Amino acid sequence: GLCEMVRNTVKDSLHSNEERNGNAGEDEVVHLSPGVPVDRDEVRTAWHFLDPWHCGFLRHGQLEERLRVLYEAKDVKEMNLNELLGPSPLDEEALLSLLTDNTITDFDPVEQAFKVYDPDGTGAVDLNRLRTMFERTGVEDITDEDMEFLKQFADGDGDNRI
C-alpha cells in the first residue's frame, strides 16, 4: 500500500545517512556532533507520539498537526518544516539522524518541556492552558471535577497556576 511505498522510498533516501551515522545499537546513545547526545529510546518515544497512526512515516502536514498539539499554530508555522526537512516524508530513522546532528550545547530538557506548558515564561502553568493541552492530546472528556482535582493536588497557593 501507500505506507509501504513511502516507507521504502524513505529508507532508500536514508541509506547514505546510515552509512555516515553507523548503525548504533537499539538502546545506544548516539552522539555524532558537539551537541546534545540523543538516546534511541527517547527518539522512539517521541516517534510514537508523532506517529499515532503507526504508518511509519509522516508527511509535513501530519507532523505539523502533531506539533500543534504542543505548540500554537503560529509557532509551528515559524518552524518552517519544509525547509528544515526537505521534500521527503519523515520516519523514525530520519528523526534520529536529524536530532543526532545538532550543535546545541546548552539544553535542559525539563526546562524545554516546561516551556510547552508555560509559553509566556511566567514560571507557572495556567490551569486553563493545561485543560487546552489535555484537549489537544485527545482527552476531550476532561471534566470540571477533574480540573478541580488537579487544582487541589497541584495548586498549593490557590492562584489557579501550577
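In the predicted model, phenylalanine 149 and phenylalanine 153 lie four residues apart in helix H9 (residues 144–154), and the two are therefore separated by about one helical turn. These residues make up an aromatic pair that is stacked, with 6.1 Å from centre to centre and 10 degrees between the planes; the pair counts as stacked because planes under 30 degrees apart are classed in this way. One aromatic pair is found in the structure. Both partners face outward in terms of accessibility: phenylalanine 149 counts as exposed at 55% relative accessibility, and phenylalanine 153, with a relative accessible area of 67%, is likewise exposed. A further contact with an aromatic ring involves arginine 66, whose charged end sits over the ring of phenylalanine 49 at 4.3 Å from the ring centre.

Side chains of opposite charge can pair when their charged atoms come close. A search of the whole structure yields nine salt bridges, among them that between arginine 44 and aspartate 41, in which the closest N and O atoms are 2.7 Å apart. Arginine 44 and aspartate 41 are three residues apart in helix H2, so that about one helical turn separates them. Arginine 44 is partly exposed at 23% relative accessibility, and aspartate 41 is also partly exposed, at 33%.

In helix H7, glutamate 111 and lysine 115 are joined by a salt bridge with an N to O distance of 3.9 Å, which falls within the 4 Å cut-off that defines such a contact. Because these two residues are four positions apart in helix H7, about one helical turn lies between glutamate 111 and lysine 115. Glutamate 111 counts as partly exposed at 41% relative accessibility, as does lysine 115 with a relative accessible area of 43%. Another salt bridge links the side chains of arginine 161 and aspartate 159, at 3.4 Å from N to O; arginine 161 is partly exposed at 32% relative accessibility, and aspartate 159 is partly exposed with a relative accessible area of 35%. Through salt bridges that share partners, Asp41, Arg44 and Glu92 are joined into one network.

The largest pocket encloses about 1,400 Å³ of space and is lined by 31 residues, with Ala46, Tyr71, Leu99, Phe107 and Gln112 lying nearest its centre. When the lining of this pocket is divided by class, 26 residues are nonpolar, three are polar and two are charged. At least two lining residues are supplied by each of helix H2 (40–50), helix H3 (60–70), helix H5 (81–85), helix H6 (92–100) and helix H7 (109–117).

Backbone geometry was also examined. Most residues other than glycine have a negative phi. Histidine 54, although not a glycine, has a positive phi of about 55 degrees; histidine 54 is located in the loop between H2 and H3 and is exposed, with a relative accessible area of 63%. Asparagine 80, which is not a glycine either, has a positive phi of about 50 degrees and is found in the loop between helix H4 (73–78) and H5. At 36% relative accessibility, asparagine 80 is classed as partly exposed, because this class covers values between the limits of 20% for buried and 50% for exposed residues.

Note on methods: Residues are numbered from 1 along each chain as its sequence is written. This is a predicted model: local features need pLDDT of at least 70, side-chain atom pairs count only at pLDDT 80 or more; totals for chains, interfaces and linings use all residues. Side-chain values use heavy atoms; hydrogens and water are left out. On a 1 Å grid over the protein atoms alone, a cavity is a set of points where a 1.4 Å probe fits but cannot get out, and a pocket is an open set with protein on both sides within 12 Å along at least five of seven lines; lining residues have an atom within 4 Å of a point. Grid points are joined across faces, edges and corners, and a volume is the space filled by probe spheres set on the points. Ala, Val, Leu, Ile, Met, Phe, Trp, Tyr, Cys and Pro count as nonpolar, Asp, Glu, Lys and Arg as charged, and the others, Gly among them, as polar. Rings of Phe, Tyr and Trp (its six-membered ring) pair if their centres lie within 6.5 Å; planes under 30 degrees apart count as stacked, over 60 as edge-to-face and the rest as tilted. Buried means under 20% relative accessible area, exposed over 50%, partly exposed in between (1.4 Å probe, protein chains only). A charge sits over a ring if NZ of Lys or CZ of Arg is within 6 Å of the ring centre and within 35 degrees of the ring normal.
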